[in-house]
Every structure is written in C-alpha cells, then in structure tokens.
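Please open the model in your viewer with the backbone drawn as a cartoon, and keep the sequence panel within reach. The stops below are meant to be taken in order, each beginning with a selection.

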Amino acid sequence: MTNSEATDRVLTEVEAGRDEILAFTASLIRIPTVNPPGECYRDCAELIGERLSGSGMDVEFVEAQNRPEHTTEHPRVNVIGRLEGMASRPCIHLNGHFDVVPPGDGWKLDPFGGEVRDGRIYGRGASDMKSGIAAAAFAVEAIRRSGVSLSGSVELSGTVDEESGGYAGVAHLCKAGYLAAERTDYVVIPEPFGPDRICVGHRGVYWFDVIAEGRVAHGSMPHLGRSAISDIGVLLYEIRAKLEPELASRISVMPVVPEEARHPSINVNAVWGGQVSEDQQSPCVADRCVVTFDRRFIREESLDEVRREVAQVVAAVEQENEGCSFRIEERMSVLPTQAPQDSPLISALSKAIRKVQGSEAELVASPGTYDQKHVSRLAGVDHCVAYGPGPLEEAHQPDESCSVDDIVTSAQVMALVVLELVG
Ligand SMILES: [Zn+2]
C-alpha cells in the first residue's frame with residue numbers, strides 16, 4: 001500500500017466510524033469521574049481498556065499504589081494500551097486524563113447525560129477531555145481497520161487526577177517507567193485546544209501563602225493588639241500598585257493564548273483571617289491572616305527570580321511598617337515547558353491539519369499547566385504537545401460541549417500523525 005493509499009484508507013475509516021466515536025464519547029461522559037474526590041475511576045479505566053483491547057492493543061491497568069490519594073474508596077486506576085508494529089521504536093504515546101471537575105451549578109442539560117444536539121455533544125468532560133480520549137482511541141482503531149501495518153509502536157493511556165496535579169496519573173506513569181525517554185519518542189495530549197491549534201507548551205506556576213502574624217486583643221481596644229488582616233491589606237495594595245504593573249510590562253515570546261496571558265500574572269486565590277468560625281464572629285483583633293497567591297510566570301523569568309521578587313515586595317512592606325511580620329510558604333511550583341520548535345511532532349501535526357482541515361495550524365501555548373510538565377520533566381520526553389477537539393473556553397463551564405465534527409477531524413489528524421511518525 002502506498003503512503004497516499006494508507007492515508008486515504010485511514011481517513012475513510014475514521015469517517016465511517018463517526019457514530020461509534022460519538023457513542024464512545026457519550027459512554028465516557030456518562031461515567032461521572034468527578035475529581036475531587038476521584039469517583040468511578042476504575043469503571044472509566046475499564047471502559048477505555050475494553051476499547052483498546054478491541055483495537056488489538058495489549059492493555060495494562062496501573063494503580064498508583066504508593067500515592068496517599070490512592071484509597072480503597074477512591075482507587076487511582078490508570079490504563080495503558082500498546083500496539084507494537086515491526087519494532088518498538090519509534091513510539092508515539094497518546095495520553096488523555098479522564099477525570100473531570102465537579103459539574104457545579106447552571107446546567108440546562110444533564111452533565112452526565114452525553115446528549116447530542118445540533119451536532120454537539122454535551123456533558124462534563126465533553127470538551128475537557130473525554131472527546132479527546134475518544135478521538136485518540138478511534139485514531140488507533142481506524143489504523144487497525146485500514147489494515148496498515150506500523151513499523152514502530154503506538155500507545156494510548158487514560159490517566160487520573162490531571163485536574164488535581166496529575167501525581168497519581170501521568171506523573172505516576174512517568175515514575176513507573178511507562179513514559180520514559182528510553183522508550184517514548186513522541187507524546188500527544190488531546191487537551192481541548194481545537195482541531196487546528198497545536199499547543200506547544202505552558203507557562204510556569206508559583207503558588208505560595210503569605211502568613212501574617214499579629215497580636216490578639218479586644219476588638220474595642222485595637223490599639224492593644226496588631227491586626228494581621230490590616231497588614232495583609234497593605235501587602236495586597238503594594239502588590240496591586242507595584243508588582244502588577246511590573247508584570248504587565250513583561251511579555252513572552254511563547255504564543256500564549258489568550259493574548260493577555262502572554263504577560264506574567266498574579267492572582268489572590270484566597271484570604272483567611274481573624275477568629276471567625278461557622279458564621280460566628282468574635283470581637284477580637286485578628287492575630288493571624290493567610291493569603292494564597294497564584295503567580296503564573298513566563299519562560300523568560302526563572303523560578304528563582306520569581307521567588308526573589310515576591311520576597312522583596314514582602315520584605316519592603318515589613319520594613320516600611322514597624323512591627324509587621326510575614327512568612328512565605330511555598331505550596332507548589334511548576335516550570336514552564338515548550339516542545340522544540342523544530343520537533344518532528346509539530347511538523348507531522350501541521351502537515352496532518354493541512355491535509356484534513358485544509359488550513360495552516362496555529363501554534364499556541366497554554367496559560368495554565370497540564371500533564372505536559374510531567375512528560376517533559378519526569379519522563380524527559382521533549383517532543384510533547386497538546387492537540388485535541390473541543391473549545392478550551394467551555395472547559396469547566398456549565399453546559400460544556402464539543403462539536404462532533406471536531407472530534408472526527410481530530411481523530412483523523414491524530415491517525416495521520418501516527419502514520420507519519422511510526423507508520
Ligand atoms: Zn484537561
């Protein structure tokens with residue numbers, strides 16, 4: 001079979017499987033894999049496993065045994081399928097997380113119904129990212145049906161907990177050696193960037209708390225105490241007046257979307273303070289206040305610089321306000337990551353998008369992180385990008401949906417990429 005015959009056959013097989021792809025997406029949506037706390041993971045892993053076995057893949061279930069969040073009530077079960085051609089390398093790995101965020105309020109449709117209306121499928125995970133998993137699974141299935149034999153190998157994994165950091169999911173697969181530079185050449189994560197956009201990486205994260213210690217006193221005599229809330233107030237003002245404009249003046253060369261997110265940012269995620277408990281307030285001066293910050297940084301900034309800059313603002317407020325005392329505690333940090341610009345994975349995807357969509361691929365970067373961080377840092381696989389169906393804007397929203405055409409198109413693109421790189 002010539003290359004162009006193989007291409008045509010695979011494209012035809014994906015299109016012919018349209019109803020099956022849709023039915024599989026719906027069946028994934030109907031399993032409420034809500035995280036937190038991590039419901040129904042085993043059921044969903046088994047459903048994906050069944051699909052992969054049907055495509056002739058060797059299927060293995062990988063539980064995150066050593067992780068504290070892996071419990072009897074909420075086991076962390078990942079699934080991985082492998083189809084080996086003439087050789088084990090090159091190997092392309094398609095990975096999707098099957099956990100979803102809680103549905104929240106505001107739905108007009110059943111969040112776990114998987115209903116189809118006017119060419120769109122609805123439900124929690126329709127965009128982020130059960131459609132992507134279905135598209136990837138049928139990309140592999142279409143290759144099997146077309147009778148094309150592969151020279152390398154293809155793997156597909158369904159993983160847990162991306163929405164809470166991915167430690168029992170992709171990070172676990174990396175640490176256990178399933179994803180590793182010694183065996184994996186390319187990784188595609190079908191997160192919902194849309195059928196003609198390739199996401200080459202993401203910004204970094206520095207999450208930290210600032211804890212203010214004051215002195216308790218009677219609320220009628222505040223001069224006898226020191227309000228930790230007031231001190232945090234001064235800090236918040238300084239951050240808005242000085243740090244925010246400074247961050248807004250920096251810009252990344254990475255093609256982060258939306259455009260505004262090409263600048264670094266800082267958000268106040270939460271503030272706790274005072275002796276308030278369960279709607280009962282006590283008439284005291286607040287001796288403690290904690291604020292959680294979410295600082296997103298660009299490739300042009302180093303994590304050390306980011307930490308130092310924050311520490312300087314905090315120290316300056318302490319210095320200018322006698323008796324003011326802060327402590328910084330780091331919660332989490334993630335470095336920015338980006339696939340090499342000349343990656344064969346990016347050119348294969350661009351070529352496939354041109355063939356299937358008839359348009360030039362747009363290269364973008366994500367404002368927030370996703371499992372690519374683990375693939376690049378833990379597994380050491382740089383040739384990793386996100387490509388998948390669904391509007392990013394609908395992720396985590398009520399009435400989340402995905403265009404059925406986009407699911408089919410993305411499956412075609414992924415199938416061609418597998419052919420190009422390991423066919
Ligand atoms: Zn996602």
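In which loop is P90 found? Select P90, and you will find this residue in the loop between β2 (77-84) and β3 (91-97). Since the coordinates belong to a predicted model, the details at this and every later stop are computed from that prediction. Show the backbone atoms on either side of the bond from R89 to P90, and you will see a cis peptide bond, with omega near -10 degrees.

**Two domains**

Now colour residues 3-202 together with 336-422 as domain 1, and give residues 204-334 another colour as domain 2, following the division of the protein chain. The centres of the two domains, taken over C-alpha atoms, are separated by 37 Å. Where domain 1 and domain 2 touch, the contact takes nine residues from domain 1 and 12 residues from domain 2. To find the side that belongs to domain 1, select strand β14 (residues 362-366), which supplies three residues, the largest share of that side. Sorted by class, the side of domain 1 that touches domain 2 holds five nonpolar, three polar and one charged residues.

**The sheet of β10, β11, β9 and β12**

Next, select the four strands that form an open sheet in the order β10-β11-β9-β12, with antiparallel pairing. At its edges lie β10 (265-273) and β12 (326-334), each of which pairs on one side only. Neighbouring strands here are turned against each other by 20 degrees on average, if direction is ignored. Within the sheet, highlight strand β9 (residues 204-213) and strand β11 (residues 288-297), which pair in the antiparallel sense over 10 bridges. If you label E213, you can look across to its bridge partner in β11, which is R288. Then add helix α6 (residues 228-248), which packs on this sheet and touches β9, β10, β11 and β12, while its direction makes about 175 degrees with that of β10.

**The sheet of β4, β5 and β16**

Move on to a second selection, the open sheet of three strands in the order β4-β5-β16, where the pairing is antiparallel. The edge strands are β4 (116-117) and β16 (401-403), and each pairs on one side only. Strand β5 (residues 120-122) runs antiparallel to β16 and is joined to it by three bridges. Label Y122, and S401 in β16 will be found standing opposite. Helix α10 (residues 404-422) lies across β4, β5 and β16, and runs at about 65 degrees to β16.

**Helix α1 between partners**

Keep α10 displayed and add helix α1 (residues 3-16), which packs with α10 at an angle of about 150 degrees, the axes lying 9 Å apart. How are α1 and α10 oriented to each other? Angles over 145 degrees count as roughly antiparallel, and α1 and α10 are therefore roughly antiparallel to each other. Their crossing is right-handed. Show side chains for A6, T7, V10, L11, V14 and E15 of α1 and for V408, A411, Q412, A415, L416 and L419 of α10, for these residues make the contact. By class, this contact has nine nonpolar, two polar and one charged residues.

Now bring in α4 (residues 126-146), whose axis comes within 8 Å of that of α1 and crosses it at roughly 120 degrees. The two helices, α1 and α4, are therefore oblique to each other, and their crossing is right-handed. On the α1 side, select A6, R9, V10, E13 and V14, which meet F138, A139, A142, I143, R145 and S146 in α4. Taken by class, the contact of α1 with α4 has seven nonpolar, one polar and three charged residues.

**Two last backbone details**

While α4 is still selected, zoom in on M129, which is found in this helix. The bond that joins D128 and M129 is a cis peptide bond, with omega about -5 degrees. Finally, select C40, whose place is in the loop between α2 (18-29) and α3 (41-54). What is phi of C40? The angle is near 55 degrees, a positive value in a residue other than glycine.

Notes:
Residues numbered from 1 in each chain as written. Predicted model: local features only at pLDDT ≥ 70, side-chain atom pairs only at ≥ 80, totals over all residues. Domains from an automatic or database assignment. Contact = placed C-beta atoms within 7 Å. Nonpolar A, V, L, I, M, F, W, Y, C, P; charged D, E, K, R; others polar. Pairing = 2+ DSSP bridges. Axes fitted to C-alpha atoms, helices over the stretch in contact; angles between N-to-C directions. Parallel < 35°, antiparallel > 145°, perpendicular 65-115°, else oblique. Left-handed = near helix turned anticlockwise from the far one by under 90°.
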